[in-house]
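Colleague: I would like to learn how to read a model of this kind feature by feature, with the general idea first and the particular case after it. Could we begin with a single residue and what surrounds it?

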Amino acid sequence: MQGPLALKAFGPSLLFNHVVLFFGLCFANGLIKANLQRFIFSMKTLAAIHDPVSVAKPETGFDRFFASMLRDERDLPFVYLTLKITFTLIPLAVLLFVPGLNNWVWWIAAVLYQYLNNVVFKGPYGLMMHCTSHRPFFKKTFLNHYLPWVIGPLFGQTPETYYTHHVGMHHPENNMPEDESSTMKYQRDSVTGFAQYLATFLFMGIYHLCSYFVRKGRKRLLYRSVRGELLFILVCVGLCFVNWPATLVVFILPFFTFRIIAMTGNWAQHAFVDENDPNNAYKNSVTCINTKYNVKCWNDGYHISHHIESTMHWTEHPEYFKNTLQEYVKNEAIVFDGIHFLHVFIYLMRDRYDLLAKHYVNIGNRYKTDEEVIALMRRRTRKIDVSGYFARA
């Protein structure tokens, strides 16, 4: 068939179909390229930071009264958190020890206590304790004993051992080998490595801490560590003779829960260590930005700047981060957006470096592909031989 008849047979509808097919293929090709580009370049660029940088000024009479007792009125939220814990956990703890309490009432109180302790308050309280360990809370010294001696044991913190461990050892040693909670000698994306790390801390942690203070001649910190640990244990033993189920719920379960969570957090915060420069806070710590965890837990995600300036107020970290970006670029610091330390820990334990890369902030556009970032992270989670450090010491 030739000429006009052939064109007629070919038909306008078939021509239309060819045009639609052509543009459809172009569109599909564009989608493929876009998705491929998104897959290859899935890292995040540095976006606006939404983490808290201030707290409301004292407004009510109660606000002004409490603020007058504080060293820094920006810590006013800590007062109200302390009051919430005081008037919820302490009454529940007392209720659980009441003899002859109805079985159903006891179980309801026990479940509520664990829920409030572990889900509602543990994170905010733990990081409030962290902040007030570095920066004294109240002007009157005796008031500063309330958190470690009254509230802390309800969360499984033996009195003053958090301070002696964290401020007295961890920060001075900066995750280096003499830091008894150092992550350097472990493979930090290994479940087995973390199990060894956790077991060592649970069963030998207080011994190693005291040994450290003996080596360093820090007798006051040694005394405070031993006193707090022994008193907590003796009180728990004594209370077990009074009411062992209540003692288990109020003190013993929180004790183990806190130590597991504390070591999980420290592992994630110091999972990425540059073996060539391990004492550099930019290269042995992690920063997590733009996460609800920072709102709930007082900007704890800014762990790099915290190790650089441990007494910096929690509201100042986001601004400090923005003002020192070039240091993060120069030191190839690892920053994540939209996830916090628990995510980091879980992704490492599952070997999901692809998910870590997805949230990695490519500050200064240093990397072109996720593979480059993953290679950096894998290098920094390798086990480091620390024997040379002790030989030099």
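Colleague: Leaving aside its neighbours within four places in sequence, which residues is Thr-257 in contact with?

Modeller: Bear in mind that this is a predicted model, and that a contact list is read by setting sequence neighbours aside. Once those within four places are left out, Thr-257 touches Asn-118 and Lys-122. Thr-257 belongs to helix α10, and the C-alpha atoms of Thr-257 and Lys-122 are 9.8 Å apart in space although 135 residues separate the two in sequence. Thr-257 counts as partly exposed, because its relative accessibility is 25%, which falls between the 20% limit for buried and the 50% limit for exposed.

Colleague: His-313 is another residue I would like to place; is it buried or exposed?

Modeller: His-313 counts as buried, because its relative accessibility is 1%, and it sits in the loop between α13 (303-308) and α14 (317-323). Its side chain makes a polar contact of 2.9 Å with the side chain of Thr-315, while beyond four places in sequence His-313 is in contact with Asp-72, Arg-74, Asp-75 and Arg-135.

Colleague: How should I read salt bridges, and how many does the structure hold?

Modeller: The general idea is that side chains of opposite charge can pair when their charged atoms come close. The structure holds 19 salt bridges. One of them joins Asp-337 and Lys-44, with 3.6 Å between the closest N and O atoms. This pair links distant parts of the chain, since Asp-337 is in strand β2 and Lys-44 is in the loop between α2 (12-40) and α3 (61-67), 293 residues apart. Asp-337 is buried, with a relative accessible area of 7%, whereas Lys-44 is partly exposed at 28%.

Colleague: Are the residues of the salt bridge between Asp-274 and Lys-283 buried or exposed?

Modeller: Both Asp-274 and Lys-283 are buried, and the closest N and O atoms of this salt bridge are 3.9 Å apart. Another salt bridge brings the side chains of Asp-354 and Arg-352 together at 2.7 Å, N to O; here Asp-354 is partly exposed at 37% relative accessible area, and Arg-352 is partly exposed at 26%. Salt bridges can also share partners, and in this way Glu-173, Glu-178, Glu-180, Arg-215 and Lys-216 are joined into one network.

Colleague: Turning to helices, where is the kink in α9 centred?

Modeller: The kink in α9 is centred on Met-204 and amounts to about 75°. A useful check is to compare the end-to-end span of a helix with the span expected for a straight one. Helix α9 (residues 191-216) has 26 residues, yet its end C-alpha atoms are only 32 Å apart, short of the 38 Å that a straight helix would reach at 1.5 Å a residue.

Colleague: What do the buried residues of α9 pack against, and what is found at the start of the helix?

Modeller: For the packing of a helix, the general point is that an α-helix has 3.6 residues a turn, so residues three or four places apart point the same way. The buried residues of α9 include Phe-194, Tyr-197, Leu-198 and Phe-201, and the buried residues of this helix pack against α8, α10 (219-269) and α16 (341-349). At the start of α9, a side-chain oxygen of Ser-190 comes to within 3.2 Å of the backbone nitrogen of Thr-192, and after the helix comes Gly-217, which has a positive phi near 70°.

Colleague: Which residues other than glycine have a positive phi here?

Modeller: The general expectation is that most residues other than glycine have a negative phi. Two cases to look at are Glu-160, with a positive phi of about 70°, and Glu-332, with a positive phi near 50°. Glu-160 is in the loop between α7 (146-151) and α8 (161-173) and is buried at 7% relative accessible area, whereas Glu-332 is in the loop between α15 (325-330) and β2 (334-337) and is partly exposed at 31%.

Colleague: Finally, in what sense do β1 and β2 pair?

Modeller: These strands pair in the parallel sense over four bridges, and Val-286 has Ile-334 in β2 as its bridge partner. A strand has two faces to inspect, and in β1 (residues 286-289) both are covered, with Val-286 and Cys-288 buried on one side and Thr-287 and Ile-289 buried on the other.

Technical notes. Residues are numbered from 1 along each chain as its sequence is written. This is a predicted model: local features need pLDDT of at least 70, side-chain atom pairs count only at pLDDT 80 or more; totals for chains, interfaces and linings use all residues. Side-chain values use heavy atoms; hydrogens and water are left out. Buried means under 20% relative accessible area, exposed over 50%, partly exposed in between (1.4 Å probe, protein chains only). A salt bridge is a side-chain nitrogen of Lys or Arg within 4 Å of a carboxyl oxygen of Asp or Glu. The expected span of a helix is 1.5 Å times one less than its number of residues. The bend at a residue is the angle between axes fitted to the seven residues ending there and the seven starting there. Contact means heavy atoms within 4.5 Å. A polar contact is a pair of N or O atoms within 3.5 Å; within protein, one must be able to donate a hydrogen and the other to accept it, and residues adjacent in sequence count only if both atoms are side-chain atoms. Two strands pair if DSSP finds at least two bridges between them.
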